[in-house]
Amino acid sequence: MRAIYPGAFDPITHGHIDIIMRAMDIFDEIHVVVANNTVKNGLFSWGERVELIKKSLPASDKLVVTNHQGLIVDYAQRNDINVVLRGLRAVTDFEYELQIAHYNKALNKKVETFFLMANVEYSFLNSATVKEIAKFGGDVSKFVPKPVEEALTIKFKCDKEIF
Ligand code: ADP
C-alpha cells in the first residue's frame, strides 16, 4: 500500500521526519509531496524544500520526494494512491485536519486519510516557530536536521546582509 504525505514543509523538521520514518514501517511506498499552496508564501522556494527533504531523509526506494501544484487528490489519483498521511500534534490540529480529510473524501471517495500522532517529543514543534528562532540566531539543532539548520543560517545571514 502506498501513501502520500503532503505538506508545506517550510522547512522539514524532526517532527515530519518522525512521522515519515514510522510510516515507512506501515506503507510500502511514501510520496512526500511539497504542496504548492499559493496562499502560504514560504521562506524556502518549492525546489529548496524538496532538496532539503531529500537531504534529510535516508536514501530508500520506498520514498519519493517531489512537489505538486494543485489538488492532493489529483496527485493521488494520477499515481494510484489511496491514502493521505497526516500528523496530529494536538487538538488544535484536529479541527483543520478533519475538514481537509472530509474535503478530500468528497473530491475522491477512494481516498482515506491516515493519522499518526506526533511523537510526544515533537508535539510542540512547528516550522513557523523554528523559523522565528533561527531568524533571531537561536539554536535550532534539536528541532531540524543538519541540512535544514545550515540552510536556515544561510537564509537569515543573507537577510542581515541585505538590511
Ligand atoms: P504546518 O501545518 O505546521 O505548516 P506542514 O504543512 O508542513 O506543517 O505539515 C504537514 C503535515 O505534518 C501535517 O499533517 C502536520 O500536522 C504534520 N506535522 C507538522 N509538524 C509536525 C510534528 N512536529 N509532528 C508530527 N506531525 C507534524
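1. A polar contact here is a pair of N or O atoms within 3.5 Å; within protein, one must be able to donate a hydrogen and the other to accept it, and residues adjacent in sequence count only if both atoms are side-chain atoms. By that criterion, a polar backbone atom of Phe9 sits 2.9 Å from an oxygen atom of the ligand. A backbone N or O atom of Gly87 is 2.7 Å from a ligand oxygen. Arg86 uses its side chain: a polar atom there is 3.1 Å from an oxygen of the ligand. The protein buries 90% of the 540 Å² that the ligand exposes when taken alone (Shrake-Rupley, 1.4 Å probe).

2. Scope. This is a predicted model, where local features need pLDDT of at least 70, side-chain atom pairs count only at pLDDT 80 or more, and totals for chains, interfaces and linings use all residues. Residues are numbered from 1 along each chain as its sequence is written, and side-chain values use heavy atoms, without hydrogens or water.

3. The shell. The ligand has 17 residues around it (a heavy atom within 4 Å). Tyr5, Ala8, Phe9, Gly87 and Tyr122 come nearest. Strand 1 (2-7), helix 1 (14-23), strand 4 (83-88) and helix 4 (91-107) each give at least two shell residues. Helices (H or I, at least four residues) and strands (E, at least two) are DSSP runs, numbered from the N terminus.

4. Helix 1. Seven of its 10 residues are buried (under 20% relative accessible area, 1.4 Å probe, protein chains only), so helix 1 is largely enclosed by the rest of the structure. The buried set is Gly15, His16, Ile17, Asp18, Ile19, Ile20 and Ala23. At the helix start, a side-chain oxygen of Thr13 comes within 3.1 Å of the backbone nitrogen of Gly15.

Technical notes:
Buried means under 20% relative accessible area, exposed over 50%, partly exposed in between (1.4 Å probe, protein chains only).
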